[in-house]
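Please open the model in your viewer and keep the sequence panel beside it, since the tour below moves from one selection to the next.

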Amino acid sequence: MIVTTTPTIEGRPIQDYLGIVTGEVIVGANLFRDLFANIRDIVGGRSGSYERILADARQQAIEELQAECATRGGNAVVAIDLDYEVIGDTGSMLMVSASGTAVKI
């Protein structure tokens, strides 16, 4: 399935628009991972544990979006937008949402 941030797919005309599809993932942060990430932030460098969590959450949100597209009979999603939010009283959770338009090409 083609998934793109662009509104069209070059050389592949859109035959039918099937509506907006979304995928959302909320992940909690782990106390020990937070501790080590904070230490990493103090001494410098990138926080690999958070980068992996973010990449996994993004991939899961896109997979949910693709699954919703497939249930509508689509074979591509165009104009995808990815959003990231920190939520929860203490900001201990991360939400990744993906939305786009399901289409048939």
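## Starting at a strand pair

Begin by selecting Glu24 together with Ser97, its bridge partner in S4. The model in front of you is a predicted one, and this pair of residues is a convenient way into its sheet. Extend the selection to the whole of strand S2, residues 16–28, and of strand S4, residues 93–104, and you will have two strands that pair in the antiparallel sense over 12 bridges.

Next, add strand S3, residues 76–87, which runs antiparallel to S4 and is joined to it by 10 bridges. Two places along this pairing are worth labelling: Ala76 has Val103 as its bridge partner in S4, and Asp81 stands opposite Ser99, again in S4.

Then pick Ile2, which stands opposite Ala76 in S3, and widen the selection to strand S1, residues 2–3. Here S1 and S3 pair in the parallel sense, over two bridges. With these four strands displayed, the open sheet can be followed in the order S1-S3-S4-S2, and its pairing is mixed. S1 and S2 are the edge strands, each pairing on one side only.

## The whole chain

Now colour the protein chain by secondary structure, which comes to two helices and four strands. Read from the N terminus, the elements follow one another as β-β-α-α-β-β. Of the contacts between residues at least 6 apart in sequence, 75% join residues at least 24 apart. If you switch on a surface, the accessible area comes to about 6,600 Å², and 54% of it belongs to carbon and sulfur atoms. Of the 105 residues in the chain, 27% are buried.

## The largest core

Which residues have the most contacts inside the largest nonpolar core? Select Val21, Ala61, Leu65, Val77, Val96, Ala98 and Ala102, which hold that place in a core of 14 residues. The elements giving two or more residues to this core are S2, helix H2 (48–71), S3 and S4, and H2 gives the most, with five residues. In soluble globular proteins, nonpolar side chains tend to be buried together.

Centre the view on Leu65, which is found in helix H2. Is Leu65 buried or exposed? Its relative accessible area is 0%, and Leu65 therefore counts as buried, the cut-off being under 20%. Draw a distance from Leu65 to Ala98, and the C-alpha atoms will be 6.8 Å apart in space, although the two residues are 33 apart in sequence. Leaving out residues up to four places away in sequence, Leu65 touches Val3, Val21, Thr22, Gly23, Val77, Ile80, Ala98, Ser99 and Gly100.

Move on to Val96, another of the core residues listed above. Beyond its neighbours within four places in sequence, the residues in contact with Val96 include Leu54, Ala57, Arg58 and Ala61, as well as Gly23, Glu24 and Val25, and also Asp83 and Tyr84. Glu24, where the tour began with its partner Ser97, is thus met again among these contacts.

## The second core and the loop beside it

A second, separate core has five residues, among them Ile9, Val78, Val103 and Ile105, and these can be selected next.

From there, go to Ile14, in the loop between S1 and S2. Apart from neighbours within four places in sequence, Ile14 is in contact with Pro7, Val78, Val103, Lys104 and Ile105. A distance drawn from Ile14 to Ala76 gives 9.2 Å, C-alpha to C-alpha, for two residues that are 62 apart in sequence.

The last stop is Thr4, which also lies in the loop between S1 and S2. Thr4 has a relative accessible area of 17%, and because the cut-off for buried is under 20%, Thr4 is counted as buried. When residues up to four places away in sequence are not counted, Thr4 touches Ile9, Val77, Val78, Ala79 and Ile80. Keep Ile9 and Val78 highlighted as you finish, since both belong to the second core.

How values were computed
Residues are numbered from 1 along each chain as its sequence is written. This is a predicted model: local features need pLDDT of at least 70, side-chain atom pairs count only at pLDDT 80 or more; totals for chains, interfaces and linings use all residues. Side-chain values use heavy atoms; hydrogens and water are left out. Two strands pair if DSSP finds at least two bridges between them. Contact means heavy atoms within 4.5 Å. Buried means under 20% relative accessible area, exposed over 50%, partly exposed in between (1.4 Å probe, protein chains only). Accessible areas come from the Shrake-Rupley method with a 1.4 Å probe; for residues, only the protein chains shown count as cover. A nonpolar core is a set of buried Ala, Val, Leu, Ile, Met, Phe, Trp, Tyr and Cys residues joined through side-chain atoms within 4.5 Å.
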